[in-house]
Amino acid sequence: MDRGTVGSAQSGRLLVEVREEGSSAVVTPAGELDHHTADLLREPLEDCLDRGFSRLVVDCARLEFCDSTGLNVLLGARLKAEAAGGGVHLAGMLPVVARVFEITGADAVFTVHATLDDALADERGDGGNDGGGGGGGGGPAGEAG
């Protein structure tokens with residue numbers, strides 16, 4: 001499924017991979033997003049925006065922790081993406097990460113999808129699970145692509 005890997009960055013606690021999926025940049029952080037690792041996510045997000053991707057999908061399925069610094073990185077990317085006519089979509093958040101977004105109310109300002117497939121289907125107009133709160137159900141399994 002790795003179609004055109006754009007790049008990656010890593011430290012001991014966070015690995016960030018970036019790839020293109022249609023007109024979206026899919027950014028996948030894995031590990032802990034905090035004060036010490038925030039730049040490892042900020043830089044690829046800004047690079048995607050600089051290269052003309054206004055729709056960013058952050059695949060959070062392997063993100064194990066996110067503190068307020070990490071949340072601010074995502075909020076900053078959201079503002080820049082919206083100014084460019086796009087947005088930041090969050091997909092597959094683990095409950096511990098989703099809780100940070102719920103407590104702060106940030107889940108209301110992002111488009112949250114249950115899975116990465118839902119986020120990518122939403123781009124294609126195939127449906128998907130939009131809206132705050134992360135949603136509960138999965139989408140259809142058979143997806144043409």
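## Terms and model

Two strands are treated as paired if DSSP finds at least two bridges between them. The model described here is predicted.

## Overall fold

The secondary structure of the protein chain amounts to 4 helices and 7 strands. In sequence order these elements follow the pattern β-β-β-α-β-β-α-β-α-β-α.

The protein chain has 145 residues, of which 43% count as buried. It exposes about 7000 Å², and carbon and sulfur atoms supply 49% of that area. Of the contacts between residues at least 6 apart in sequence, 56% join residues at least 24 apart.

## Strand β3 and its partners

Strand β3 spans residues 24-33. It is mostly covered, with 9 of its 10 residues buried. Parallel pairing links β3 to strand β4 (residues 55-59) through 4 bridges, and in this pairing A25 stands opposite L56 of β4. The pairing of β3 with strand β5 (residues 63-66) is also in the parallel sense and has 3 bridges; here L33 is opposite C66 in β5.

Strand β2 (residues 14-21) runs antiparallel to β3 and is joined to it by 8 bridges. E17 is placed opposite T28 in β3. The two strands β2 and β3 form a hairpin with 2 residues between them. In that turn, G22 has a positive phi of about 65 degrees.

In a regular strand, side chains alternate between the two faces of the sheet.

## Nonpolar cores

The largest nonpolar core contains 32 residues. L45, L56, L90 and F101 have the most contacts inside it. At least two residues of this core come from each of β2, β3, α1 (38-50), β4, β5, α2 (68-83), β6 (87-91) and α3 (95-104). Helix α1 gives the most, with 6 residues.

Apart from this core lies another one, of 6 residues. V26, A91, L116 and L120 are among its members.

## F101 and the aromatic pair

F101 counts as buried because its relative accessibility is 0%. Not counting residues up to four places away in sequence, F101 touches C66, L71, L74, L90, M93, A106, D107 and F110. Two residues named earlier recur in this list: C66, which stands across from L33, and L90, one of the residues with the most contacts inside the largest core.

The structure holds 1 aromatic pair. It is formed by F101 and F110 and is edge-to-face, with 5.8 Å centre to centre and 75 degrees between the planes. The cut-off for edge-to-face is over 60 degrees, so the 75 degrees of this pair meets it. F110 has 3% relative accessibility and therefore counts as buried.

## H89 in strand β6

H89 lies in strand β6. Its relative accessible area is 11%; the cut-off for buried is under 20%, so H89 is buried. The side chain of H89 makes a polar contact of 3.0 Å with the side chain of H113.

Leaving aside neighbours within four places in sequence, H89 is in contact with R55, L56, V57, V58, T111, H113 and D122. One of these, L56, stands across from A25 of β3 in the strand pairing described above.

Conventions:
Residues numbered from 1 in each chain as written. Predicted model: local features only at pLDDT ≥ 70, side-chain atom pairs only at ≥ 80, totals over all residues. Heavy atoms only, no water. Buried < 20%, exposed > 50% of the residue type's maximum accessible area, 1.4 Å probe, protein only. Contact = heavy atoms within 4.5 Å. Areas by Shrake-Rupley, 256 points an atom, 1.4 Å probe, with all protein chains shown as cover. Core = buried A, V, L, I, M, F, W, Y, C linked by side-chain atoms within 4.5 Å. Phe/Tyr/Trp six-rings, centres within 6.5 Å; stacked < 30°, edge-to-face > 60°. Polar contact = N/O pair within 3.5 Å; in protein donor to acceptor, adjacent residues only side chain to side chain.
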